[in-house]
Amino acid sequence: MLKVYNSLTRRKEVFESLIPGYAGMYVCGPTVSGESHLGHARPYITFDVVYRYLMHLGYKVRYVRNITDAGHFEEEGREAEDKISKKAVIEKLEPMELVQKYTNLFHWAFERFNTLRPSIEPTATGHIVEQIEMIKKIIEDGFAYVVNGSVYFDVKKYNEVFAQKGLPYGILSGRVLEEMLETTRELDNQEEKRNKTDFALWKNAPPEHIMRWPSPWGEGFPGWHIECSAMSQKYLGDQFDIHGGGMDLQFPHHEAEIAQSAVCNGRILAKYWMHNNMITINGKKMGKSYNNVIKLSELFTGNHPMLDQAYHPMTIKFFILQTHYRSTLDFSNDALKAADKGLKRLWEAYENLNKLTNDSGQMTDKNNEKSTVNQQPSTEENLDVKIVKLVNEFEEFINDDFNTAKVLANMFELVPIINGIKDKHIAADTISTSTLQLLQQQMKIYVEDILGLQSIQQHNNTQLNGIIELMINLRKEARQKKDYTLSDRIRNELGALGIQLKDEKDGNISYTIG
RNA sequence: GGUCGGAUGGCCGAGUGGCUAGGCAGAGCUCUGCAAAAGCUCGUACAGCGGUUCGAAUCCGCUUUCGACCUCCA
């Protein structure tokens with residue numbers, strides 16, 4: 001039974017989809033006015049696991065994640081310019097050219113993370129009509145007003161009406177409107193608003209704005225929150241199951257979405273609200289405003305002053321999955337290096353486990369092997385029971401609000417067992433065939449299908465692999481002749497190239513690249 | 001200032017009223033021609049001060065401290 005922490009109720013709740021068998025999920029996607037950084041990796045990896053797990057549970061899932069390609073106006077106005085058009089001028093690019101570039105980079109990065117593409121990836125600019133229609137409806141119902149070609153949402157009026165319907169403004173973030181109205185903080189460019197809590201649905205475009213669309217209120221562009229209301233409504237309906245995004249979006253973005261959609265649909269747009277926590281760096285949130293971001297491409301190449309080395313996308317993904325999504329996660333080189341080593345060890349054990357499948361004769365053939373030789377005295381009477389317990393807990397843990405950290409911890413507890421069987425520290429007949437099958441089957445499901453992990457190595461170069469095999473054979477021959485000078489030279493020089501040879505117990509030699 | 005959330009061993013991080021989280025690093029050992037890898041063993045941590053309790057890192061209060069949101073932000 002899947003339980004998710006619902007930000008709306010601040011409790012873990014049993015997940016029950018609105019329509020049995022189907023699940024709708026909307027996740028706030030990237031603003032493609034710049035390159036994605038490490039902080040962005042968190043929500044898309046987190047919700048990728050949610051998506052994968054819902055599918056694993058048999059739901060037919062529609063996963064919608066928008067691309068924000070229209071510049072969101074800085075409502076409070078100090079830098080009152082459309083972000084995207086501003087950057088385009090600097091870089092002398094067409095706005096849509098810029099948008100395309102960063103969209104491509106986004107897709108490139110998240111393919112390397114092995115995240116699945118959403119079912120629909122709608123763009124804000126592709127849904128101007130829907131947004132205008134929604135704004136019209138909100139005006140008609142009396143919850144928005146027009147000033148100088150701009151449209152503002154009347155938060156105070158909304159709250160008066162909808163608080164009685166159980167949807168007060170602040171329902172998600174726990175804010176009390178009266179308190180917010182009392183705040184004496186003064187900001188510029190607010191004179192058009194009736195109250196400082198009001199937010200823009202549509203902004204009149206000054207002449208220098210490149211991105212602009214005609215509307216009933218003049219030429220302009222949509223406000224920051226309306227696209228998500230419009231697009232989620234279009235593709236997921238008046239109400240859907242999960243709305244996800246970073247914690248920093250809870251207020252005001254999600255709060256505004258709720259209000260807009262409530263006016264149009266009469267109810268809260270999503271049943272479960274899931275928010276991932278932030279990635280921090282030196283204890284501070286990684287974010288644009290702090291000027292402390294590390295871009296994903298910089299992480300992949302190691303090309304950043306704060307990085308000791310390059311980190312593989314899978315390492316970063318593993319790093320993220322080792323922490324519960326609602327906890328902050330602090331970036332450091334040491335932490336990423338630890339993740340890198342841990343992942344490699346886990347993956348090697350996983351491959352060892354899969355090999356146990358291939359020559360399963362070894363496992364079933366209990367009688368002809370003297371399994372007493374090398375083994376440790378088995379303090380673990382029922383290794384079988386232990387394995388079954390660890391494996392069965394995968395489901396228990398992922399069901400507990402997607403606790404990938406605990407799933408991985410259990411996998412690490414299985415690693416010594418798997419390696420022990422492979423190296424024959426543990427007799428093969430200590431565990432039953434059915435347990436081995438369960439282990440193999442569930443590991444595959446969780447490692448690959450649900451967590452979406454992949455090998456960190458590229459095995460695709462057959463020429464290189466052929467050459468290495470050749471060197472391995474030469475080394476084997478040298479060792480047989482006890483020509484250790486030559487055998488060590490082969491191993492050392494390959495090692496210097498990043499190809500590590502390991503002499504296995506059975507006389508074979510395995511290797512890892514990188 | 002308001003609202004909310006943290007403070008866990010050298011580092012990263014789970015977590016629960018009593019039972020070893022896990023990873024990385026470190027120490028010792030086994031295996032090995034030597035390495036590496038692997039396996040075994042080990043560090044007994046929960047910010048501080050009170051309180052509740054037979055028992056609290058886990059519940060309550062206070063203190064210290066860090067952070068998030070209130071402005072674009074994943």
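Leu414 of chain A touches Ile387, Leu390, Val391, Phe394, Leu439 and Met443, leaving aside residues up to four places away in sequence; contact means heavy atoms within 4.5 Å. This is a predicted model, in which local features need pLDDT of at least 70, side-chain atom pairs count only at pLDDT 80 or more, and totals for chains, interfaces and linings use all residues. Residues are numbered from 1 along each chain as its sequence is written, and side-chain values use heavy atoms, without hydrogens and water.

Leu414 is also among the residues that touch the most other members of the largest nonpolar core, together with Leu299, Phe402 and Met411. A nonpolar core is a set of buried Ala, Val, Leu, Ile, Met, Phe, Trp, Tyr and Cys residues joined through side-chain atoms within 4.5 Å; buried means under 20% relative accessible area, with a 1.4 Å probe and protein chains only. A second core is separate from this one.

| Core | Size | Members include |
|---|---|---|
| Largest | 82 residues | Leu299, Phe402, Met411, Leu414 |
| Second | 46 residues | Ile138, Phe143, Phe153, Leu236 |

Helix 13 (residues 383-399) and helix 14 (residues 404-422) pack at an angle of about 160°, with their axes 8 Å apart. Helices are DSSP runs of H or I of at least four residues, and strands are E runs of at least two. Axes are lines fitted to C-alpha atoms over the stretch in contact, with angles from 0 to 180 degrees between N-to-C directions. The two helices are therefore roughly antiparallel, a term for angles over 145 degrees. Among the residues making the contact are Ile387 and Leu390 of helix 13 and Met411 and Leu414 of helix 14.

Chain A has 17 helices and 15 strands, and 50% of its 514 residues count as buried.

Conventions. Chains lettered and ligands numbered in written order. Parallel < 35°, antiparallel > 145°, perpendicular 65-115°, else oblique.
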